[in-house]
Amino acid sequence: MFDPVERLKEFVRHPSVSTDSKYQDGMRGAQEFVSGLLRSLGFAVEVVKTNLHPIILAQRAGDPSWPHVIVYGHYDVQPPDPLDLWKSPPFEPTERDGRLWGRGAADNKGPLMVHIAAVGRLLERNPRLPLRITFLIEGEEETGSPSFLPFLEKYQHRLNADFVFLSDTGIPREDQVVITCGLRGLVLCDVEVTGAKSDLHSGLHGGVLRNPIQALAELCASLHTPDGRVNIPGFYNDVLEVEPWERAELSKLGTTEAEYRSFLGIPAFHVPPGYTPFEAIRFLPTLEFNGISGGYQGEGSKTVIPSKAFVKISCRLVPNQTPAKIRLLLYAAIRERLPKDVTFRIIDQHEATPYIVVPPDRSNTPKDQPARLATAFRAIDAAVTEVFGRPPLYLREGGSVPIIADIKRVLGLDSVLLGLFLPEDNLHAPNESFNLRVMQKGIAVSERMFATLAGK
Ligand code: BES
Ligand code: MN
């Protein structure tokens, strides 16, 4: 069997930044690396063209009566900037303190390598394993997966699996694994507010018109109540009620509020009434300003009334909110609240539907949950308990993996999400790394899940 850590280093060495065209070679390198590795394990690999970065579809066919698992992952990574904050260069993977450092080591190359290595080991031991496996590895996750939905619709007939298996979510501590059973959704947009047709001298014209920065700032300020709720009528209407078992599960998290607060470096939390910070992340929607600009930003000062102001807004959604409805409510609030003496433009960005899957034996598990999905959940639970020395927690997650809800809608398949990255892995930030002990244990867990499913 190949050495998964050495292969991971090779994978990280390909600078596969999907959002930036200057990394085209890195994208192709990473794609060819994964395709080659899966081919070497005996998979039939197809590289499916898209408008941007191809999707790798690698299949191990077999008897139609065998269980069929789709493993999802992404070979693209976030941009490495700001470069000067990295202790070792982002695309020169380095082993230090039991971790592998490099952009994408945790999100998502390490966790993806976990499942490839698990399948590799298992097939080496059982070349005739009665299990169908499809790897679906995309290169556009960090840009909102624009090609994935059309791909699913087109390749539906090849994807008649029992469930999807992936690791692209987090865990609180090295010894506490989480099976993620919910993901938040997203709605993103930009707002551009325009005052006068060009920048103006604030002495010559100041006092006769509304400043677009002020209009935008007042709009932004209106979108929350002082106690931290989103101030848009109807915003919370469809929010799924939290089940008692979910709160109980969360109380076993083992991280204190004080620890979390100091991890964030904030003087105090700001959480809507009735929720702990840990609950708010998972059970409540949010509205955030991701960036704001306008006017003079250079050195010194400039007496100007700027012509334009911009903001980037994102909402995180929880089940059963829908992106379409939240977009309508948000846009209506923007339209109503911006004063009539400025003009504005709202620019749609992408979105994602929230997702929930209830593990077996809970009060709200659907009665018709497929048997093989339940088998997988139970197998993972047993494997995690044995390998990590502690049973997993079943928690919803604050982050989003947009394709998971698309897969549910188009293919009717649920996902088993084995969390593997730690808070200190620095996803999307400088000095990203992946804990190699978690990696080795993850491989053991994944291998057992596949083995159990195949009846071994
Ligand atoms: N792996 C993350 C999602 C994630 C992060 C789940 C942290 C759990 C904890 C994924 O690659 C990601 O970053 N998703 C983006 C959405 C995407 C449309 C850019 C996100 O959640 O912001
Ligand atoms: Mn990811």
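## Manganese site and ligand 1 shell

The manganese ion (ligand 2) is coordinated by H74 through NE2, by D107 through OD and by D168 through OD, the last of these being listed twice, at 2.0 to 2.6 Å. The model is a predicted one, and the values below are computed from its atoms. Two of the metal-binding residues, D107 and D168, also have side-chain atoms at short range from ligand 1, with D107 lying 3.2 Å from an oxygen atom of that ligand and D168 lying 2.8 Å from a nitrogen atom of it.

**Geometry of the metal site**

- The six donor atoms around the manganese ion (ligand 2) subtend angles of 52 to 164°, and the arrangement is irregular because of this spread.
- For reference, ideal angles at a metal are 90 or 180 degrees when six donors are octahedral.
- Along the sequence, the donor residues of the manganese ion (ligand 2) follow the spacing H-x32-D-x60-D.
- D107 lies in helix 3 (residues 105–125), whereas D168 lies in the loop between strand 7 (163–166) and strand 8 (178–183), so the pair ties together parts that are 61 residues apart in sequence.

**Surroundings of ligand 1**

- Of the 16 residues around ligand 1, those that come nearest are E141, D168, R316, S400 and H428.
- A polar side-chain atom of E141 is placed 2.8 Å from an oxygen atom of ligand 1, while for D168 an N or O atom of the side chain is 2.8 Å from a nitrogen atom of the ligand.
- On its own, ligand 1 has 520 Å² of accessible area, of which the protein covers 85%.
- By residue class, the shell around ligand 1 divides into seven polar, six charged and three nonpolar residues.
- Both domain 1 (4–183 + 356–453) and domain 2 (185–239 + 285–352) contribute to the shell around ligand 1, each with at least three residues.

**Backbone features to inspect**

- Most peptide bonds are trans, and most residues other than glycine have a negative phi.
- D107, a donor to the manganese ion (ligand 2), is joined to N108 by a cis peptide bond with omega of about 10°, and N108 has its place in helix 3.
- A cis peptide bond also runs from P319 to N320, with omega near 0°, and N320 lies in the loop between strand 13 (308–317) and helix 9 (323–337).
- N426, although not a glycine, has a positive phi of about 55°, and its place is in the loop between strand 17 (415–418) and strand 18 (433–435).

Note on methods:
Residues are numbered from 1 along each chain as its sequence is written. Chains are lettered from A and ligands numbered from 1 in the order in which they are written. This is a predicted model: local features need pLDDT of at least 70, side-chain atom pairs count only at pLDDT 80 or more; totals for chains, interfaces and linings use all residues. Side-chain values use heavy atoms; hydrogens and water are left out. A residue is near a molecule or strand if one of its heavy atoms lies within 4 Å of it. A polar contact is a pair of N or O atoms within 3.5 Å; within protein, one must be able to donate a hydrogen and the other to accept it, and residues adjacent in sequence count only if both atoms are side-chain atoms. Accessible areas come from the Shrake-Rupley method with a 1.4 Å probe; for residues, only the protein chains shown count as cover. Ala, Val, Leu, Ile, Met, Phe, Trp, Tyr, Cys and Pro count as nonpolar, Asp, Glu, Lys and Arg as charged, and the others, Gly among them, as polar. Domain bounds come from an automatic or database domain assignment. Donors are N, O and S atoms within 2.8 Å of the metal (3.2 Å for Na, K and Ca); water is not among the atoms, so sites may look incomplete. Four donors count as tetrahedral if all angles lie between 85 and 135 degrees; four count as square planar and six as octahedral if opposite donors are over 155 degrees apart and all others between 65 and 115; anything else is irregular. Helices (H or I, at least four residues) and strands (E, at least two) are DSSP runs, numbered from the N terminus.
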